[in-house]
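Q: Please take a close look at a single helix of this model and at what surrounds it. I would like the cut-offs stated along with the description.

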Amino acid sequence: MANKDLNAAKRAKNDEFYTQYSDIQTEVNAYLEFDPDTFRGKTVLLPCDDPEWSKFTRFFAENFERLGLKKLISTSYAVESKKYRTPYLPTLFETEAPQFDESKTRVNGKIFVLDHDANGSGRIDLDDLQWKYLDGDGDFRSNEVKRLRDEADVIVTNPPFSLFREFLAWVLEADKRFLIVGSMNAIKYKDVFPLIKENRLWLGNGFANGNAFFSVASGTRTEYAEGVYDSGSNLVKFRNCCWFTNLDHGRRHQPLQLMTMDENRKYSRHREIRDAGYRHYINFDGIEVPFVDAIPSDYDGVMGVPISFLDKFCPEQFEIVGMSLDLADMSVIRQRLGRNDGGPVFYIEKDGNPVRLYDRLAIRRRKTP
Ligand SMILES: C[S@@+](CC[C@H](N)C(=O)[O-])C[C@H]1O[C@@H](n2cnc3c(N)ncnc32)[C@H](O)[C@@H]1O
């Protein structure tokens, strides 16, 4: 149900949902626990943001000194450029500022900068944020925002889901550190998976229990199915979201605790493994491991595992060989069935018939030196 709604939001090009402060805090803390200097002396850019709505600017501004930031830059996208319009009234923060401009408020983006104690309070925080209108609408693809990207060391945001691919390419072409929210489906994209395989991009610490709750403008609630939108909190729940990053965190270096193949055959909590063990694929040289907790610790060949493995992936423990989408030999299946049978996936033999499986990651254990 939740994924259906994420797709519905994508179709409607509704990119207007906002990350919660606590999720940003938990995620950033995971990097600081690993390395307290992750952001020290760095310029952080928060594009696709809007401090009057978004919690990213608030979090980074409030924690400016703790993180040891050099500079914080946040840009917002003009309301007239948004594909999805919700009722707009400039906030008092904007209208009461001397630089408020009626002719710009709807069509220009804004830039917020924090790099010194502007109000002389003795500390650098949210109250020192300086803002002005951008020349353009704040589109991340504009030259104006590109220049800010080039100036930054780390780019952090929840970008528009409808432009996720383009946004990631935009970050990568400038070779920047990043921490961005996206849909798990992006793992399978042809321009994303090779980066995962090469350990140039990985999943972040993650949302609590894999559920991401975003706030939305109250007018958009009718687009979400019952149970997904909570009217009490104005939050929508997406089950399929994660953080993508190239910043290191501790969880990805914790190896999975696994049983040997023999132990799994005897004691696995999955009946399927106890009954049938591990089947070899028909159309790929590897074995099927349908559950992450049933990965045998002592198997040296290639294993196909669910995509959700990525959330538990420790690069010191396993190497990613590829994805069923690229590795499955469909000619074997065509021969067996005498017809085409959809996109490339791995198959196992069951009761004399080839059985189609879900997408799989092919992995191999790393030998301990
Ligand atoms: C998913 S929302 C997240 C907002 C905020 N970063 C947060 O997480 O709270 C994405 C935001 O990007 C804005 N946006 C859409 N297209 C954009 C573009 N081409 N350039 C910059 N921002 C854009 C949307 O209007 C929306 O406010």
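A: Helix α2 and its surroundings

Helix α2 covers residues 21-34, 14 in number, and reaches 20 Å from its first C-alpha to its last. That is close to the 20 Å expected at 1.5 Å a residue, where the expected span is 1.5 Å times one less than the number of residues. Helices (H or I, at least four residues) and strands (E, at least two) are DSSP runs, numbered from the N terminus. The model is predicted: local features need pLDDT of at least 70 and side-chain atom pairs count only at pLDDT 80 or more, while totals for chains, interfaces and linings use all residues. Residues are numbered from 1 along each chain as its sequence is written.

The buried residues of α2 are Asp 23, Ile 24, Glu 27, Val 28, Ala 30 and Tyr 31. Seen down the axis of α2, these buried residues fall within an arc of 140°, so they line one face of the helix. The arc is that of the directions from the helix axis to the C-beta atoms. An α-helix has 3.6 residues a turn, so residues three or four places apart point the same way. A residue is buried if 20 or more other C-beta atoms lie within 10 Å of its own, exposed if 12 or fewer, and partly exposed in between, with C-beta atoms placed from the backbone.

The cover over the buried residues of α2 includes β1 (17-19), α3 (55-62), β9 (212-216) and β12 (241-245). Contact here means that the C-beta atoms of two residues, placed from the backbone, lie within 7 Å.

One residue that meets this helix is Asn 205, in the loop between β8 and β9. Asn 205 is buried, with 22 other C-beta atoms within 10 Å. Leaving aside residues up to four places away in sequence, Asn 205 touches Glu 27, Ala 30, Trp 243, His 249 and Arg 251.

β12, part of the cover, also belongs to an open sheet of eight strands in the order β5-β4-β3-β2-β6-β7-β12-β8, with mixed pairing. Two strands pair if DSSP finds at least two bridges between them. At the edges stand β5 (130-133) and β8 (202-203), each with a single partner strand, so one side of each is left without a neighbour in the sheet. Within this sheet, β2 pairs with β3 (residues 71-76) in the parallel sense over five bridges, and Thr 43 stands opposite Lys 71 in β3.

Two of the covering elements, β1 and α3, reappear around the ligand. Its shell takes in 21 residues, of which Tyr 18, Thr 19, Cys 48, Tyr 77 and Asn 158 come nearest. A residue is near a molecule if its C-beta atom, placed from the backbone, lies within 6 Å of it. The elements giving two or more residues to this shell are β1, β2 (43-49) and α3, and β1 gives the most, with three. By class, the shell has nine nonpolar, five polar and seven charged residues. Ala, Val, Leu, Ile, Met, Phe, Trp, Tyr, Cys and Pro count as nonpolar, Asp, Glu, Lys and Arg as charged, and the others, Gly among them, as polar.

For the chain as a whole, the secondary structure comes to 12 helices and 18 strands. Of its 369 residues, 34% count as buried.
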